[in-house]
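Visitor: Please take one part of this model and go through it closely. I would like to know how the helices there pack and what lies between them.

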Amino acid sequence: MKHAPSPRLAAFAAILVALATAACSADTNSYPSLGLRPVETLGFAEPEVKTAVAAPDPALDTDIAAIAGKLAAITTGFTRDAGKAETLARSARGAAVGSDAWIEAQSALAGLDDWRAQSSSLVTDIEALATDRAAKLQPDYPALATIRAKAQAETDRQGATIGRIQASMPAA
């Protein structure tokens with residue numbers, strides 16, 4: 001025989017089901033607003049960056065002056081020897097490869113390569129100074145950038161001159 005549930009038990013069960021359902025449906029999380037956040041009111045423009053100005057550096061200025069002196073000496077020596085090499089290359093144009101004239105011209109070109117190696121080494125030294133400043137988080141030094149550009153231009157000029165003279169001679 002089956003017993004019918006008591007009305008009190010049925011009412012209690014109905015209350016429990018209602019409470020359990022209400023507890024599951026309540027949202028306890030708070031979601032962010034869809035309004036503008038504080039950071040979004042700032043806009044998307046790039047911030048203004050203040051350029052650091054390099055303070056005078058007497059020790060670096062002394063190094064730059066020494067480098068400028070070396071560069072001037074290298075430029076003078078190369079220009080002098082390039083004139084000699086061009087003269088020797090002109091005399092070697094009709095000569096056979098391996099002849100005395102050709103060997104003298106090639107020797108002169110080797111001397112020009114030495115000058116170019118010195119100017120290239122000078123560029124490397126200048127770049128090392130700039131790298132050391134950057135490693136110390138110091139701003140660019142305009143005089144250093146200027147002497148680097150001059151030294152690189154001289155190295156490029158020397159390379160072009162050597163290439164031109166070499167091209168005018170019989171190839172080995």
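**Helix packing and the nonpolar core**

Guide: Helix 3 and helix 4 cross with a left-handed sense. The model is a predicted one. Of the residues that form the contact of helix 3 with helix 4, 12 are nonpolar, 8 are polar and 5 are charged. Helix 3 covers residues 100–135 and helix 4 covers residues 142–167; their axes come within 9 Å and cross at roughly 160 degrees. Angles over 145 degrees count as roughly antiparallel, and helix 3 and helix 4 are therefore roughly antiparallel to each other.

Helix 4 also packs with helix 2, which spans residues 58–92. Here the angle is about 10 degrees, and the axes of helix 2 and helix 4 are 11 Å apart. With angles under 35 degrees counted as roughly parallel, helix 2 and helix 4 are therefore roughly parallel to each other. The contact of helix 2 with helix 4 is made up of 16 nonpolar, 4 polar and 5 charged residues.

Next comes the core. The largest nonpolar core holds 27 residues, and those with the most contacts inside it are Leu 112, Leu 144 and Ile 147. Helix 2, helix 3 and helix 4 are the elements that each supply two or more residues to this core. The most come from helix 2, which gives 10 residues.

Leu 112 can be followed further. Apart from its neighbours within four places in sequence, Leu 112 is in contact with Phe 78, Asp 81, Ala 82 and Ala 85, and also with Ile 162 and Ile 165.

Technical notes: Residues numbered from 1 in each chain as written. Predicted model: local features only at pLDDT ≥ 70, side-chain atom pairs only at ≥ 80, totals over all residues. Heavy atoms only, no water. Axes fitted to C-alpha atoms, helices over the stretch in contact; angles between N-to-C directions. Helix = DSSP H or I, 4+ residues; strand = E, 2+ residues; numbered from the N terminus. Parallel < 35°, antiparallel > 145°, perpendicular 65-115°, else oblique. Left-handed = near helix turned anticlockwise from the far one by under 90°. Nonpolar A, V, L, I, M, F, W, Y, C, P; charged D, E, K, R; others polar. Core = buried A, V, L, I, M, F, W, Y, C linked by side-chain atoms within 4.5 Å. Buried < 20%, exposed > 50% of the residue type's maximum accessible area, 1.4 Å probe, protein only. Contact = heavy atoms within 4.5 Å.
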